[in-house]
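Here are some exercises to work through with the model open beside you. Try each task before reading its solution.

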Amino acid sequence: AELYKTQDWLMDYIVPYPAVQLIDSTTGIDLKTAATSTLVASLSDEFVLTSVVFRITAYNSMTVEPVVRIEDGSSNVLMAEETLYGLSSGGCWVMNPSGARKISAAASAIKLIVSTGATATTLTATVDVLGYYTSYGV
């Protein structure tokens, strides 16, 4: 074994693990209406999508839950359709992709598709896109 006199050699072996962070947040999403909303308008760098969080900001008298999916700017499905069961005032719902979803800057956008709107008097959310960038220094 060789004894190293400095710790510089160690830098070659350290793999920096990126932290999950908020990529973008969109307020005022109406989950009662079947529609498409842009969650991330443009991508400056490649990132790995880890989850999408729905934070309910306004809720009243829901009888039918909304059905949603997440797509990129080219309509490729990133997260399959899911029914948001059990929503309540001040509550949240977390969608996670099945496996790592690396999103390239060429994807151009991340979109929320509400394919079936909720039956409710009011159902509004703030939607957070979480992930980590794959390049250093971002």
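**Exercise 1.** Decide whether Lys-111 is buried or exposed, then find its salt-bridge partner.

*Solution.* Step one: Lys-111 has a relative accessible area of 15%, so it counts as buried (under 20% relative accessible area, with exposed being over 50% and partly exposed in between; 1.4 Å probe, protein chains only). Step two: Lys-111 forms a salt bridge (a side-chain nitrogen of Lys or Arg within 4 Å of a carboxyl oxygen of Asp or Glu) with Glu-71, and the closest N and O atoms are 3.9 Å apart. Step three: place the two residues on the chain. Glu-71 sits in strand β4 and Lys-111 in strand β8 (residues 110-116), so this pair links distant parts of the chain, 40 residues apart; strands are DSSP runs (E, at least two residues), numbered from the N terminus. Step four: check the partner, Glu-71, which is also buried, at 7%.

A word on the source: this is a predicted model, in which local features need pLDDT of at least 70 and side-chain atom pairs count only at pLDDT 80 or more, while totals for chains, interfaces and linings use all residues. Residues are numbered from 1 along each chain as its sequence is written, and side-chain values use heavy atoms, leaving out hydrogens and water.

**Exercise 2.** Find the salt-bridge partner of Glu-81 and say which strands the pair ties together.

*Solution.* Start with the partner: Glu-81 bridges to Arg-69, with 3.1 Å between the closest N and O atoms. Because Glu-81 lies in strand β5 (residues 77-83) and Arg-69 in strand β4 (residues 67-72), the pair ties together parts twelve residues apart in sequence. Next, look at accessibility: Glu-81 is partly exposed at 46%. Finally, step back to the network: salt bridges with shared partners join Arg-69, Glu-71, Glu-81 and Lys-111.

**Exercise 3.** How many salt bridges does a search of the whole structure find, and where does the one between Glu-46 and Lys-102 lie?

*Solution.* The search finds five. In the Glu-46 to Lys-102 bridge, the closest N and O atoms are 4.0 Å apart. Glu-46 is in the loop between β2 (35-40) and β3 (47-60), and Lys-102 is in strand β7 (residues 101-103), so parts 56 residues apart in sequence are tied together. As for accessibility, Glu-46 is partly exposed at 26%, whereas Lys-102 is exposed at 55%.

**Exercise 4.** Which side chain makes a polar contact with that of Trp-93?

*Solution.* First locate Trp-93 in strand β6 (residues 92-95). Its side chain then makes a polar contact with the side chain of Glu-82, at 2.9 Å; the term means a pair of N or O atoms within 3.5 Å, where within protein one must be able to donate a hydrogen and the other to accept it, and residues adjacent in sequence count only if both atoms are side-chain atoms.

Notes
Helices (H or I, at least four residues) and strands (E, at least two) are DSSP runs, numbered from the N terminus.
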